Amino acid sequence: EITFECLQQLEDDLEWKVVYVGSAEDSACDQVLDEILVGPVPVGVNKFVLQSDPPDPKVIPSKDVLGVTVVLVTCSYREKEFIRVGYYVNNEYSEEFDPETGPPHPLEMSKVVRTILADKPRVT
């Protein structure tokens, strides 16, 4: 759920995006999970629900499927981004595995549990 305050009348829509960072080392692995236009936006407090599908695991390097990454929620007006909120995401394998050999390969994606730390956003 997104809540924001609009302080003046806007002539154009706001563009909201949800981006999953697939690898800290390669932005080509980033995936836009959802992209919507919101408008017209009235002056005052506004609220809407932004939901998206999970990322495509085939685009994420195998070494980055498990562990901590980031989901970004961005907003742009007239193609200029003016806010970016990042949420840490922890991806864990739900079944126990030998730490020396690691989880099974290939991973059973139905057993990967994704926890979004929504109570600790980072605004940039």
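**Aromatic Pairs, Salt Bridges and Backbone Features**

Biologist: What does F97 count as at its relative accessibility?

Modeller: The model is a predicted one. Buried requires a value under 20% and exposed a value over 50%. F97 has a relative accessibility of 36%, so this residue counts as partly exposed.

Biologist: Which residue forms an aromatic pair with F97?

Modeller: The two ring centres are 6.3 Å apart. Their planes meet at 65°, which makes the pair edge-to-face. The partner has 10% relative accessibility and therefore counts as buried. The residue paired with F97 is Y93.

Biologist: How many aromatic pairs are there by this rule?

Modeller: The rule joins rings whose centres lie within 6.5 Å. Y93 and F97 satisfy it at 6.3 Å. The count of aromatic pairs comes to 4.

Biologist: Why is the pair of F4 and W16 classed as it is?

Modeller: Planes under 30 degrees apart would be stacked, and those over 60 would be edge-to-face. The ring centres of F4 and W16 lie 5.5 Å apart and the planes stand at 45°, so the pair is tilted.

Biologist: How many residues apart are F4 and W16, which the pair links as distant parts of the chain?

Modeller: F4 belongs to strand β1, residues 2-6. W16 belongs to strand β2, residues 14-21. Both F4 and W16 are buried. The separation along the chain is 12 residues.

Biologist: Which residue forms one aromatic cluster with F4 and W16?

Modeller: Leaving out residues up to four places away in sequence, this residue touches E1, I2, F4, W16, I36 and V38. Its contacts thus include F4 and W16 themselves. The third member of the cluster is F48.

Biologist: How many residues does the largest nonpolar core have?

Modeller: I2, F4, L14, W16, V41, F48 and L50 have the most contacts inside this core. Two or more residues come from each of β1, β2, β3 (31-38), β5 (67-77) and β6 (80-93). The size of the largest nonpolar core is 23 residues.

Biologist: Which residue forms a nonpolar patch on the surface with V68 and Y88?

Modeller: The three residues of the patch have about 280 Å² of accessible area together. The residue in question sits in the loop between β7 (112-116) and β8 (122-123). At 36% relative accessibility, this residue counts as partly exposed. The third member of the patch is L117.

Biologist: What distance separates the C-alpha atoms of N90 and E5?

Modeller: N90 lies in strand β6. Apart from neighbours within four places in sequence, N90 is in contact with G67, V68, V113, R114 and T115. E5 is 85 residues away from N90 along the chain, and their C-alpha atoms are separated by 30 Å.

Biologist: How many salt bridges does a search of the whole structure find?

Modeller: Side chains of opposite charge can pair when their charged atoms come close. One of these bridges joins K63 and D64, with N and O 3.3 Å apart. K63 counts as exposed at 56% relative accessibility, whereas D64 is buried at 18%. The search of the whole structure finds a total of 9.

Biologist: Which residue forms a salt bridge with E95?

Modeller: The closest N and O atoms of the bridge are 2.8 Å apart. Both partners lie in the loop between β6 and β7, so the pair ties together parts that are 16 residues apart in sequence. The partner also forms a salt bridge with E108, at 3.4 Å. The residue that pairs with E95 is K111.

Biologist: Which residue is joined with E11 and D12 into one network of salt bridges?

Modeller: The residue lies in the loop between β5 and β6. Its phi is near 55°, a positive value in a residue other than glycine. At 46% relative accessibility, it counts as partly exposed. The residue that joins E11 and D12 in the network is R78.

Biologist: What is omega for the cis peptide bond from G39 to P40?

Modeller: Most residues other than glycine have a negative phi, and most peptide bonds are trans. P40 is found in the loop between β3 and β4 (44-48). A cis bond also joins H105 and P106, with P106 in the loop between β6 and β7. For the bond from G39 to P40, omega is near -5°.

How values were computed:
Residues numbered from 1 in each chain as written. Predicted model: local features only at pLDDT ≥ 70, side-chain atom pairs only at ≥ 80, totals over all residues. Heavy atoms only, no water. Phe/Tyr/Trp six-rings, centres within 6.5 Å; stacked < 30°, edge-to-face > 60°. Helix = DSSP H or I, 4+ residues; strand = E, 2+ residues; numbered from the N terminus. Buried < 20%, exposed > 50% of the residue type's maximum accessible area, 1.4 Å probe, protein only. Core = buried A, V, L, I, M, F, W, Y, C linked by side-chain atoms within 4.5 Å. Contact = heavy atoms within 4.5 Å. Patch = residues over 30% accessible without salt bridge, like charges linked within 9 Å, V, L, I, M, F, W, Y side chains within 5 Å. Areas by Shrake-Rupley, 256 points an atom, 1.4 Å probe, with all protein chains shown as cover. Salt bridge = Lys/Arg side-chain N within 4 Å of Asp/Glu carboxyl O.
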